Amino acid sequence: MATNGYAVVPPPRTARYAIYDGLAAFYFMIASIVFIGLGEHAREHPWVMAHPYILAFLKFACLATFGECLRGRIVAGRWIVRAVLVRALIWGCLGVWIAFAFQVIDAGVGHLLGPGAPAVWRALCASVWINLLSGYGFFMMTAHFVTDRIIDDGWQSPWRALQHPSFSPWARIVMLTLVCFWVPAHTITFLLPPAWRVVFAAYLGIALGLLLSFSNARARRQARMASAMAGHGLALALGCMGVLAAGRAYATEGGGSVYPTGVNTVMPAILPGPNETELFNYIVDVPMPSLNNAKGRSTVPFRANLFAYAPRLVHGWDVDYHGLHLETGVSPVLQRKSVRVGDSSDFAMNMSSFDLQALYLTWSHGNVHLMVGQDFWFPGSTFNRRALANVSPNKVTFMPEGAVTWMPGRWEVSVEFTGQFSTINPATHYHDGALFDLDYGIGYRPFRRLPKLQVGIQGNFANQFSDDMQYGVPYENGYRMRNFTIGPQFVYSIRRGMGVALKWQHNVVSHNTVGGERFWVQFAFPL
């Protein structure tokens, strides 16, 4: 039990992993198959073409509401959120609104730029217009904020809902996501064929549901904390100090990532084509000489080493619609970890996690390749709360991801971005904050006599954008991880779908996480 300065608060409730999380992944895959199938065969079914707004309603009601349910699973341990059917109805209406706005804005921007405008420029202009210049993006999200307030707090006028103390911090978060996330995301949307835009937007609706829900929760928490500190600052501070002192044994749980940051720096948006299967293999060795604090300094005698191997099997389904393909993959992660803190040491070796890559959508146009997907990370072995070394994260992580690969001439420019939203560890009641990671790679083939050899630079940038929590209170001032790496990479492409890569990543910035280097060997071949 923990105290928040006023009363005893029970640990957060968590759901069982095996049944409900598996059913959620199954629901996501079935919904994806249905909606993608409708998009691919739209011309074969006149009723699909005749009722685009009904389909938009269904897509957003099923998928965007799934994003809100994900947030409920992550934060409260429950898949079914309050008034879930009402939320689905609201998302369906927003889906119709979004589908109509896409048509109007795309037509208007196309008229202004003229028929000869490059596709990428037209898509970027449409995205900037819908998210920033027209005010539509913020207004739509504000409408969602108002409906959330009515569901959570009871019936009230929109003006009263906008006077809620959480609106100001919520608005700052939303404005940041409009610039940093939605402009590039909707640029990709407007590059797709019109029949697929609402489908893709519905999948982005999962991310929208997560972002808006987390924004609401964080804003409400900030408002509650501000109000509480005004009257009971000393009691709250003493209560938090007691909880943090009791939770210090779990400090190594923070500052980590289930997804191996820095892994996807070589053609991440290019996956097997229809009816093709490929095996990717990732090997990494990470000596960790320090455990750094928020200032990037090591304050405890710490030394560790991590060695991991992850085979990743990806299959391309028989779907090809104007270059849009569908893939699914699985990847078990095997780890060996040794840890020494002061005079204590520990060792563990087992399967740490299992990654179900439920759905990837890939699209190619000339030298530009795009990918979006949804991963479900499940724990792979048991967790010992008293051990220094645990390979199992003992939590489920939901990870939307996207990637862009551009290959003009002998160059390659690739980026992959992921968002990690994890459930609570039921053994320690520790809840990792949400994490954004961007893997990047820039390569060039300098030798005409060795056209298969590419040299370049690569690395990653990771930034945690919500607090680590334990027993419902921030752990060590939130323990937000920030990490930046850079280093060389050498890639040799043997033939299509087969190659090997060697990478070294130097840790430039490591706040609230481990310091050290990463050494990678990656290879792939078709099956």
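# Salt bridges, burial and a patch

Modeller: Searching the whole structure, which is a predicted model, turns up eight salt bridges.

Biologist: What makes Asp148 and Arg87 a salt bridge?

Modeller: Their side chains come to 2.9 Å, N to O. The cut-off is within 4 Å between a side-chain nitrogen of Lys or Arg and a carboxyl oxygen of Asp or Glu, so the pair counts. Asp148 sits in helix H6 (residues 136-153) and Arg87 in helix H4, so this bridge links distant parts of the chain, 61 residues apart.

Biologist: And why is Asp148 called buried?

Modeller: Its relative accessible area is 5%, and buried means under 20%, so Asp148 qualifies. Arg87 gets the same label, because its relative accessibility is 8%.

Biologist: What about Asp106 and Arg122, how do you know that they form a salt bridge?

Modeller: The closest N and O atoms of Asp106 and Arg122 are 3.5 Å apart. Set that against the limit of within 4 Å, and the pair is a salt bridge. Asp106 lies in helix H4 and Arg122 in helix H5 (residues 119-133), so the bridge ties together parts 16 residues apart in sequence.

Biologist: Which of the words "buried" and "partly exposed" fits Asp106, and which fits Arg122?

Modeller: Asp106 is buried, because its relative accessible area is 13%. Arg122 has 28%; partly exposed runs between the 20% and 50% cut-offs, so that is the label for Arg122.

Biologist: How far apart in helix H6 are Asp153 and Arg149?

Modeller: Four residues, which is about one turn of the helix. They form a salt bridge too, with their closest N and O atoms 3.1 Å apart. Asp153 is partly exposed, with a relative accessible area of 44%, whereas Arg149 counts as buried at 0%.

Biologist: Which residues are linked in a network of salt bridges?

Modeller: The network is made of Arg87, Asp148, Arg149, Asp152 and Asp153.

Biologist: Let's turn to H4. How do you know that its length agrees with what a helix should span?

Modeller: Helix H4 covers residues 84-113, which is 30 residues. At 1.5 Å a residue it should span 44 Å, and its end C-alpha atoms are 42 Å apart, which agrees. After H4 comes Gly114, whose phi is positive, near 90 degrees.

Biologist: What does UniProt list as "transmembrane region"?

Modeller: The unreviewed UniProt entry lists several spans, including residues 79-100 and 170-192. In the model, residues 79-100 are 77% helix and 0% strand, with end C-alpha atoms 30 Å apart. Residues 170-192 are 96% helix and 0% strand, and there the end C-alpha atoms lie 31 Å apart.

Biologist: How many helices and strands does the protein have?

Modeller: There are nine helices and 19 strands. One of the strands is S17 (residues 498-511), where Val508 is found.

Biologist: Why is Val508 called partly exposed?

Modeller: Val508 has 46% relative accessibility, which falls between the 20% and 50% cut-offs, so partly exposed is the right term.

Biologist: What makes the nonpolar surface patch that includes Val508?

Modeller: Trp406, Trp411, Val413, Ile442, Ile457, Ile486 and Val508 make this patch of about 600 Å². Patch residues need over 30% relative accessible area, and Val508 at 46% clears that mark, so it passes on accessibility.

Biologist: What about the protein as a whole, how much of it counts as buried?

Modeller: Of its 527 residues, 53% count as buried. The protein exposes about 23800 Å², with carbon and sulfur atoms supplying 67% of that.

Notes. Residues are numbered from 1 along each chain as its sequence is written. This is a predicted model: local features need pLDDT of at least 70, side-chain atom pairs count only at pLDDT 80 or more; totals for chains, interfaces and linings use all residues. Side-chain values use heavy atoms; hydrogens and water are left out. Patches are made of residues with over 30% relative accessible area and no salt bridge: like charges are joined within 9 Å, nonpolar side chains (Val, Leu, Ile, Met, Phe, Trp, Tyr) within 5 Å. Accessible areas come from the Shrake-Rupley method with a 1.4 Å probe; for residues, only the protein chains shown count as cover. Helices (H or I, at least four residues) and strands (E, at least two) are DSSP runs, numbered from the N terminus. Buried means under 20% relative accessible area, exposed over 50%, partly exposed in between (1.4 Å probe, protein chains only). The expected span of a helix is 1.5 Å times one less than its number of residues. UniProt positions are given in the numbering used here, feature names are shortened, and annotations may be inferred rather than shown by experiment.
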